[in-house]
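Grab a pencil and work through these exercises with the model open next to you. Try each task before you read its solution.

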Amino acid sequence: MLSSIPLHRILNSSTVFRHRRVDISLLTTKTKRRYSKVLVRDVPNSMAEALSMSSSPTTLFDLPKAKSQHESYLQIMKTIFSPSNNNIIHLKADDTYPDCVFIEDTAVVIDNRAVICRIGAKSRRGEVDETKKALLHLGLEVFDMRQDTDSATCDGGDVLYPVTYNNNNQKHDSTNNKRGGKHLFVGISNRTNHEGAKYLQKKFPHVKVIPIQLKGEDTKNEVLHLKSAVTHVDEKTLLVPIGCEWNFMVDIFLKEHDFQIVRLPEIAACNVVSVNGHILAPNSICETSKEILHETIVQRGLSLHFIEANEFAKYDGALTCKSILIP
Ligand code: CIR
């Protein structure tokens, strides 16, 4: 399977893969943009103080590099969303919160409804207020976990919602356009608890919340969030790392819920952003991961972009964690 893809096609940062190289602007004008907006937050000057699972990052954090990598992320988002229509909502960084660029953790958005999270890490809890303001401003129906419960915690990075939208411009009815979106997988982690998952079920009654145990005696999985290890390419295809410690995910996703599973040799390769026919993946992954991703994505008629994000990985941040997608 892999030998059919010449290595010279594995190009560098921000490269678009399809059957042939394409101009993104042409592609996006033909494609119905079903996520209409994206929420992002700037890199704070205090980011070197951000939380990290490892006590000593292997290489020193480089703030200017992080800012420039974030800029590339925003540039790709600008080609996918039309910035002229204020589709990119850009929140200013707050140096009081060194992790604030990881905006995904602050809220869960499904259709026109949002849940504001009580983030698992106490030092991050104040990050959510700016997100809440922005979502209210957009007219979403907003529920605040912090006001409604005493103990529920949730990081958006633990919430996986496999959904895609029909690219057919003729159909304007959002219910017809939506594919998948019946399941909400919620990682029960050091950050997200069962009360958090129950709260999501209450506020999103039209989806089935399925808790996935990431910590406990039976699991040795050293990831921060569910989406550190599994994300969706489309509504029925999930990326899961190779390794017997991840087989329980295959049992859940494939055997119980009939998803197609693509296994990748690295955990880092399994975090991709799937947005309006585009897949954003980290450029730092190995050639084998790139080849498998390429094949998976071309088969599905999607476009693949590799993005530099290694400065964020030093603080356990992946690509999904830097945005909130709004349908
Ligand atoms: C944290 O530990 O909370 C941050 N340093 C990283 C958060 C990454 N968030 C995400 O992947 N959704």
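**Exercise 1. Which residues of H2 are buried, and how are they arranged around the helix axis?**

Step 1: list them. The buried residues of H2 are Ala-66, Gln-69, His-70, Tyr-73, Leu-74, Ile-76, Met-77 and Ile-80. Here, "buried" means under 20% relative accessible area, "exposed" means over 50%, and "partly exposed" is in between, with a 1.4 Å probe and protein chains only.

Step 2: look down the axis. These buried residues sit within an arc of 155°, so they line one face of H2. The arc is taken from the directions that run from the helix axis to the C-beta atoms.

Step 3: recall the general rule. An α-helix has 3.6 residues a turn, so residues three or four places apart point the same way.

A quick note on where this comes from: the model is predicted, so local features need pLDDT of at least 70 and side-chain atom pairs count only at pLDDT 80 or more, while totals for chains, interfaces and linings use all residues. Residues are numbered from 1 along each chain as its sequence is written, and side-chain values use heavy atoms, leaving out hydrogens and water.

**Exercise 2. Find what caps the N-terminal end of H2, then place Thr-79.**

Step 1: go to the N-terminal end. Asp-62 is the cap, with a side-chain oxygen 3.1 Å from the backbone nitrogen of Lys-65.

Step 2: move to Thr-79, which is also part of H2. Its relative accessibility is 32%, so Thr-79 counts as partly exposed.

Step 3: check its side chain. A polar atom there lies 2.6 Å from the backbone oxygen of Ile-76.

**Exercise 3. Is His-183 buried or exposed, and which side chain does it contact?**

Step 1: locate it. His-183 belongs to strand S10, residues 183-188. Helices (H or I, at least four residues) and strands (E, at least two) are DSSP runs, numbered from the N terminus.

Step 2: use the cut-off. With 18% relative accessibility, His-183 counts as buried.

Step 3: find the partner. The side chains of His-183 and His-257 share a polar contact of 3.3 Å. Such a contact is a pair of N or O atoms within 3.5 Å; within protein, one must be able to donate a hydrogen and the other to accept it, and residues adjacent in sequence count only if both atoms are side-chain atoms.

**Exercise 4. Where does the ligand meet Arg-124 and Tyr-315?**

Step 1: take Arg-124. An N or O atom in its side chain is 2.7 Å from a ligand oxygen.

Step 2: take Tyr-315. One of its polar backbone atoms is 2.8 Å from a ligand nitrogen.
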